[in-house]
Amino acid sequence: MSLKIFPLIIGLFFATASYSQAKPMSRDTISGLYLTKNYDGFTGDNYETLILQDTPSIYLSDIKEVSQSFNYLGKPSVHLVLNTIGSTKLKEITTEFTGEPLVIYFGKKIVLAPTMMSPITGGQLEISSNLTLQETDGMVRWLKSRIGN
């Protein structure tokens, strides 16, 4: 992965909640990346205030590759490479909805809900937070088991 894309990735996915702090949802929601219907009162970690769209903007099927990596601070992270369809969707939503949260929802839990800071045009993202090596490893294994990577 080229270092040139890190500023865009880090700008979107640097957050403070950890995977172990993920909040379970009360309904059976499809895993993926969601826009919100309403995020009034959302302060960055109070996920219960978020009202998600009915379907993901980016589905797990839009993920081509997943791997464990380390962010620019040397902290564990999850690196995602999207397929052509997913890359196009990501560019569109991060352009149109800059300043709004993008909810990362895996395995019936909100993992993170970072604010989209700028358009991401390269089709790659890094989920970077206060995640432990064990948490990122678990997330990578869970994702790989679902995308066939």
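## Exercises on Ser87, helix α2 and a three-stranded sheet

Leaving aside neighbours within four places in sequence, Ser87 is in contact with Leu82 and Gly123 (contact: heavy atoms within 4.5 Å). This is a predicted model, in which local features need pLDDT of at least 70, side-chain atom pairs count only at pLDDT 80 or more, and totals for chains, interfaces and linings use all residues. Residues are numbered from 1 along each chain as its sequence is written, and side-chain values use heavy atoms, without hydrogens and water.

**Exercise 1.** Determine whether Ser87 is buried or exposed, and identify the buried residues of α2.

*Solution.*
- Step 1. Ser87 lies in helix α2 (helices are DSSP runs of H or I, at least four residues; strands are runs of E, at least two).
- Step 2. Ser87 counts as buried because its relative accessibility is 18% (buried is under 20%, exposed over 50%, partly exposed in between, with a 1.4 Å probe and protein chains only).
- Step 3. The buried residues of α2 are Gly86, Ser87, Leu90, Ile93 and Thr94.
- Step 4. These buried residues line one face of the helix, because they fall within an arc of 140° when seen down the axis of α2 (the arc is taken over directions from the helix axis to the C-beta atoms).
- Step 5. Thr84, Ile85 and Glu96, on the other side of α2, are exposed.

**Exercise 2.** Compare the expected span of α2 with the distance between its end C-alpha atoms.

*Solution.*
- Step 1. At 1.5 Å a residue, the 13 residues of α2 should span 18 Å (the rise is multiplied by one less than the number of residues).
- Step 2. The end C-alpha atoms of α2 are 18 Å apart, which agrees.

**Exercise 3.** Establish the strand order of the open sheet and state which helix packs on it.

*Solution.*
- Step 1. Three strands form the sheet in the order β6-β7-β10, with antiparallel pairing (a pair needs at least two DSSP bridges).
- Step 2. β6 (63-70) and β10 (124-128) are the edge strands, each pairing on one side only.
- Step 3. Seven bridges join β6 to β7 (residues 76-82), and Ile63 stands opposite Leu82 in β7.
- Step 4. Helix α3 (residues 133-147) packs on the sheet and touches β6, β7 and β10.

**Exercise 4.** Locate the lowest and the highest confidence in the protein chain.

*Solution.*
- Step 1. The chain averages a pLDDT of 83, and 81% of the residues score at least 70 (pLDDT is the predictor's confidence in each residue, from 0 to 100).
- Step 2. Confidence is lowest in helix α1 (residues 6-13), at a mean of 38, and highest in helix α2 (residues 84-96), at 97.
- Step 3. Over residues 1-27, pLDDT stays under 50.
- Step 4. Predicted coordinates should not be read in detail where pLDDT is low.

How values were computed. Axes are lines fitted to C-alpha atoms, for helices over the stretch in contact, and angles run from 0 to 180 degrees between N-to-C directions.
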